[in-house]
Amino acid sequence: MRRFLRVLAEDLEAARHRDPAARSRLEVALAYPGVHAVWSYRLAHRMWREPVLRLPARLVSQVARALTGVEIHPGARIGRRLFIDHGMGVVVGETAVVGDDVVLFHTSTLGGRSMKRGKRHPTLGDRVVVGAGAKILGPVWVGDDAQVGANAVVVKDVPAGAVAVGVPARVRMPAAHRGADPVEDPSLLIEYVI
């Protein structure tokens, strides 16, 4: 139980650290639907591991979806300190894997392209940032420290440290790898398309 509470506290701190508008842990705990969705997922995922609790786990995830606007399948595997900014419209599919310290902006999707059983959703490494409206589809891999620009549609692997922008997404190596400062806001990545 202590470990579980420590993880919940990490989720609060992740939101405070990544959102400049967050004023206190109490505000985050009471008013951040992305945090509520992650907490609900953590409960549902624990239940999902027990075959007899899979239906209740799905019901927990659906109640969370109705309350937060975020749908995270309880079968997905999510690392520590996930931050979902604004939350509304975020979808994380059943076989998705999300690393540690990932940021998902509103209306982003980690979805599938196939109705076949097996791995059909993306895997995100650590410290990945997924911009608003971005869609990462299929069993693709997005490497550590990669960024996916707003409204990009990713259907191919993205190497670690790269930036993916456009429809379909094209992979670019950001100026940070050439000695400049890294891009912090995925909405600014449109310059890579032009």
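**Exercise 1. Where in the chain does Asp145 lie?**

Solution. The model is predicted.
Step 1. Place the residue: Asp145 sits in the loop between β11 (141–142) and β12 (147–148).
Step 2. Check the backbone: phi of Asp145 is near 65 degrees, a positive value in a residue other than glycine.
Step 3. Check accessibility: a relative accessible area of 39% makes Asp145 partly exposed.

**Exercise 2. Is Asn151 buried or exposed, and what is its phi?**

Solution. Step 1. Asn151 is located in the loop between β12 and β13 (153–154).
Step 2. Phi of Asn151 is positive, about 65 degrees, although Asn151 is not a glycine.
Step 3. The cut-off for exposed is over 50%. Asn151 has 53% relative accessibility, so it counts as exposed.

**Exercise 3. Which residues does the cis peptide bond join?**

Solution. Step 1. The bond joins Val167 and Pro168, with omega about -15 degrees.
Step 2. Pro168 is in the loop between β14 (163–165) and β15 (170–172).

**Exercise 4. Compare the expected and actual spans of α1 and α3.**

Solution. Step 1. Take α3 (residues 33–48). Its 16 residues, at 1.5 Å a residue, should span 22 Å. The end C-alpha atoms of α3 are 22 Å apart, which agrees.
Step 2. Take α1. Its 17 residues should span 24 Å at 1.5 Å a residue. The end C-alpha atoms of α1 are 24 Å apart, again in agreement.

**Exercise 5. Describe how α1 and α3 pack.**

Solution. Step 1. Choose the descriptors. Two packed helices are described by the angle between their axes and the distance between the axes.
Step 2. Read them off. The axes of α1 and α3 come within 10 Å and cross at roughly 155 degrees.
Step 3. Classify. Angles over 145 degrees count as roughly antiparallel. α1 and α3 are therefore roughly antiparallel to each other.
Step 4. Add the hand: the crossing of α1 and α3 is right-handed.
Step 5. List the contacts. From α1 come Phe4, Val7, Leu8, Asp11, Leu12 and Ala15; they meet Val35, Val38, Trp39, Arg42 and Arg46 in α3.

**Exercise 6. Which residues of α1 and α3 are buried, and what packs on them?**

Solution. Step 1. In α1, the buried residues are Phe4, Val7, Leu8, Glu10, Asp11, Leu12, Ala14 and Ala15. They pack against α2, α3 and β3.
Step 2. In α3, the buried residues include Gly34, Val35, Ala37, Val38, Tyr41 and Trp48.
Step 3. The cover over the buried residues of α3 includes α1 (2–18), α2 (25–31), α4 (54–68), β1 (71–72), β2 (77–78) and β3 (83–85).

**Exercise 7. What surrounds His36 in α3?**

Solution. Step 1. His36 lies in helix α3. It is partly exposed, at a relative accessible area of 25%.
Step 2. Leave out residues up to four places away in sequence. His36 then touches Val28, Ala29, Leu30, Ala31 and Thr68.
Step 3. Look along the chain. Arg65 is 29 residues from His36, and their C-alpha atoms are separated by 10.0 Å.

**Exercise 8. How many residues has the largest nonpolar core?**

Solution. Step 1. In soluble globular proteins, nonpolar side chains tend to be buried together.
Step 2. The largest nonpolar core has 30 residues; Leu104, Leu124 and Ile136 have the most contacts inside it.
Step 3. α3 gives the most to this core, with three residues.
Step 4. Apart from this core lies another, of nine residues, among them Leu12, Ala15, Ala22 and Tyr32.
Step 5. Beyond its neighbours within four places in sequence, Leu104 has contacts that include Leu82, Phe83, Val90, Leu110 and Leu124.

Key: Residues numbered from 1 in each chain as written. Predicted model: local features only at pLDDT ≥ 70, side-chain atom pairs only at ≥ 80, totals over all residues. Heavy atoms only, no water. Helix = DSSP H or I, 4+ residues; strand = E, 2+ residues; numbered from the N terminus. Expected span 1.5 Å × (residues − 1). Buried < 20%, exposed > 50% of the residue type's maximum accessible area, 1.4 Å probe, protein only. Contact = heavy atoms within 4.5 Å. Core = buried A, V, L, I, M, F, W, Y, C linked by side-chain atoms within 4.5 Å. Axes fitted to C-alpha atoms, helices over the stretch in contact; angles between N-to-C directions. Parallel < 35°, antiparallel > 145°, perpendicular 65-115°, else oblique. Left-handed = near helix turned anticlockwise from the far one by under 90°.
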